[in-house]
Structures are given as structure tokens and as C-alpha cells.
Amino acid sequence: MTALAALDLAALEALFTEWGEPRYRAAQVFDAVQAKGVLDPAAMTTLPAALRERLARETTIATRVVEAQASEDGTTKYLFELEDGKRVEAVLIPEGSRKTLCVSTQVGCPIRCVFCASGIAGLIRNLTVAEIHEQVLHVRHLLGERPSNIVVMGMGEPLLNLPNLVEAIKLWTHENGLHFSPRRITVSTAGTPSKVDRLAKLDLGVHLAISLHAADDEVRGKLVPGSPAGRTQDLIDAGARFARKTGRDVTVEYVLIAGENDTPDQAEKLGALVAGRHIHVNLIPLNPVTHRPDLHAPSGIAAKAFAQRLRDQGTSVTLRTQRGDDIAAACGQLALERSLAE
Ligand code: SAH
């Protein structure tokens with residue numbers, strides 16, 4: 001059965017024509033689902049009861065919110081259950097006037113970054129278009145307003161589920177739906193240069209983040225074992241091509257781990273990798289994860305020294321503060337804790 005949220009306006013019009021419904025009903029349903037985030041046909045009270053019932057019978061809702069957990073700093077984590085019982089999550093991070101929603105694209109993840117809970121069991125499956133898109137719709141509905149930004153940085157490797165992600169982006173940016181500007185969407189990848197090129201070619205207008213976490217192949221091979229080895233330079237080259245071709249921002253994400261990738265040598269190499277390429281570096285002190293108690297964030301002083309070394313080389317850098325660590329808001333943690341408890 002089709003998920004209602006995955007139907008664009010043309011598909012909805014075709015369906016309603018087939019059902020003998022007037023055309024304007026399609027626009028009405030599209031507005032309820034796509035602009036307001038109302039997923040349950042029973043709640044679409046402007047529709048005749050018979051149509052509500054038929055929609056409920058013949059279309060599905062792909063995800064259900066099973067938990068919303070707020071952190072002391074305002075970060076909220078939403079846990080979703082899929083129709084097959086699998087679980088994924090999204091995290092809403094308020095920052096000043098911004099409300100950034102971090103969404104998932106896969107159940108599990110094949111990349112297996114050592115510090116990330118999403119990859120522990122490897123990849124289980126890709127999310128469907130509706131499963132990706134509904135995370136945003138549910139939050140829009142629960143929040144009573146649209147999040148201001150979307151970052152595709154939750155569970156999974158987005159570029160390994162690119163066709164479904166592209167359809168979800170089309171729905172997020174639809175002018176009769178949530179109407180996100182693509183400039184408010186960032187796709188994050190730890191993955192392959194050819195996929196970055198493919199994303200650039202699609203010219204969606206979104207920004208790119210590259211999860212680098214190490215400045216040479218040896219250290220990256222240890223920290224990001226599921227990423228193709230020997231490709232650190234190639235990945236940065238692909239990021240630079242993306243920036244040139246699309247004119248959009250490219251950011252390197254670098255999770256700082258004490259004694260692993262926070263050495264002066266890595267700072268020098270990272271500065272050299274991004275030099276002159278209009279790539280911003282975002283340093284993120286490690287959020288502790290229960291499956292690797294041996295990994296720690298560097299001290300504040302050490303993190304600042306790493307950032308300063310980059311600045312001294314002319315690199316544009318921000319050092320992020322930790323968010324939501326009292327609710328384990330680093331990617332994949334909540335779904336993991338729940339699955340271990342069951
Ligand atoms: N596979 C994609 C999308 C996942 S986002 C990618 O790797 O880009 C991955 C991001 O989650 C990392 O770049 C990092 O910023 C964040 N992350 C995951 N686990 C973390 C942890 N334990 N501490 C801090 N950040 C973490």
C-alpha cells in the first residue's frame with residue numbers, strides 16, 4: 001500500500017480522479033499532509049467522512065512517534081517506529097532563532113565510525129521516501145511550526161540511499177508543502193567521492209557536510225573503517241568540486257577524540273587538505289558512547305589548541321559545544337539503548 005506522505009500533488013490528483021473525487025480535494029489533502037504535517041486522515045476534518053475512511057483504508061502512515069525526549073538544553077529526540085517494527089530517530093536542536101532537525105536515512109549504517117552507535121550492527125535497510133519525509137512532517141505537526149533547517153545527519157549514510165533522499169528533498173522544498181529553501185538543507189556524508197559528484201550534478205541547491213574525522217588515510221581507516229580506504233584526499237577533492245559547481249557551502253565535520261585524531265600532526269595535515277578550497281571545518285568534541293568507554297573528548301584546552309593550529313594555517317574553523325548529551329543525542333544512541341534494553 002502507498003504511504004500518503006510520499007504522494008506528490010500530481011500523484012494525489014491522479015488517485016482522486018480514479019476514485020471519482022473532485023480535483024480540489026487533492027490540493028486540500030496535500031495541504032493538510034505536506035504543509036501542516038497532519039498524517040492521519042481521521043484528523044482531516046474538512047474532508048467528508050467517506051473520503052477520510054477510504055484514505056485510511058487505502059493509504060498508510062509509514063512511521064509512528066513512540067517517544068519524544070527533551071534534554072535540559074532544549075534538544076528533543078524523537079524516536080520513530082516503522083511498519084516492520086524497526087526504529088530510527090530524529091533530533092531537534094534549537095539554537096537562537098534556528099530550530100534544526102537532524103533526520104535519518106537508513107536503519108543502521110554500513111560506515112561503522114568507531115564513535116557512532118548507528119553503525120554497530122551494520123546496515124539493516126534503507127528508509128523509504130515516506131519514512132525519511134515523515135520524520136519532518138511529524139515534528140512539524142508536534143511543534144506547531146516548521147523546523148527552520150534540516151540536516152541529514154541522523155542514522156545512516158544518505159548518499160547510499162540517494163534516490164529516496166532526493167524524493168524526500170523534493171517534498172521538503174515543494175512550494176505547496178513545507179516549502180523549505182534548499183539552502184536550509186544540509187546533506188552529510190562519510191562516503192565516496194563519486195557519490196558526492198553525483199549529488200553535485202543533481203544541483204538540488206543543498207549544502208554538503210563531509211564527515212572526515214581524520215586528516216590522512218591511516219587514521220581515517222581506523223576511525224571510519226566502512227569508508228573506502230585511501231580516499232581522504234579524493235573525498236576533499238570531491239567536496240571542492242561540489243563547492244565550485246553548486247556554489248553551496250561545504251563543511252568538514254571532525255569529531256575530536258583524545259589521543260586519536262587531536263594531535264598537532266593531524267591539525268597540520270587537515271589545514272593543508274582544505275587550504276584554499278573554501279571548506280569550513282566544524283570541530284565536534286566527542287559525545288561519549290557506551291559501546292566505546294575507552295574513547296574520550298579532549299580537554300577544552302586541547303580542543304582549543306587544535307582549533308588554533310588550524311586558524312594559524314588560515315582555515316575557517318568553529319569548535320562546537322556539546323548538545324543534548326544528557327539524552328544521548330549523538331546519532332543513533334537512543335534507538336540503540338532501547339534495542340539493547342528489549
Ligand atoms: N553517514 C553520514 C551521516 C551521519 S552524520 C555521515 O557520516 O556524515 C555523522 C555525524 O554525526 C558525524 O559527522 C558527527 O558530527 C556526528 N556524531 C556521530 N556520533 C557522534 C559522537 N559520538 N559524538 C559527536 N558527534 C557524533
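With a relative accessibility of 2%, Ile169 counts as buried, where buried denotes under 20% relative accessible area, exposed over 50%, and partly exposed the range in between, as evaluated with a 1.4 Å probe on protein chains only. The structure is a predicted model, in which local features need pLDDT of at least 70 and side-chain atom pairs count only at pLDDT 80 or more, whereas totals for chains, interfaces and linings use all residues. Residues are numbered from 1 along each chain as its sequence is written, and side-chain values use heavy atoms, with hydrogens and water left out.

Ile169 belongs to helix α5, which spans residues 162-172; helices (H or I, at least four residues) and strands (E, at least two) are taken as DSSP runs and numbered from the N terminus. When residues up to four places away in sequence are not counted, Ile169 is in contact with Ile185, Val187, Leu204 and Val206, a contact being defined by heavy atoms within 4.5 Å. Between Ile169 and Ile150, which are separated by 19 residues in sequence, the C-alpha to C-alpha distance is 9.8 Å.

Helix α5 also holds a charged pair, since Glu167 and Lys170 both lie in this helix, 3 residues apart, or about one turn of the helix. Their side chains meet in a salt bridge with an N to O distance of 3.5 Å, the term requiring a side-chain nitrogen of Lys or Arg within 4 Å of a carboxyl oxygen of Asp or Glu. Glu167 is partly exposed at a relative accessible area of 35%, and Lys170 likewise counts as partly exposed, at 46% relative accessibility. Elsewhere, Arg64, Glu81 and Arg87 are joined into one network by salt bridges that share partners.

By this rule, the count of salt bridges comes to 19. Among them is the pair formed by Glu13 and Arg23, whose closest N and O atoms are 3.3 Å apart. This pair links distant parts of the chain, with Glu13 in helix α1 (residues 9-18) and Arg23, 10 residues away, in the loop between α1 and α2 (24-35). Arg23 counts as exposed because its relative accessibility is 59%.

A further salt bridge is formed between Glu131 and Arg125, with 3.0 Å between the closest N and O atoms. In this pair, Glu131 is buried because its relative accessible area is 5%, while Arg125, with a relative accessible area of 21%, is partly exposed.
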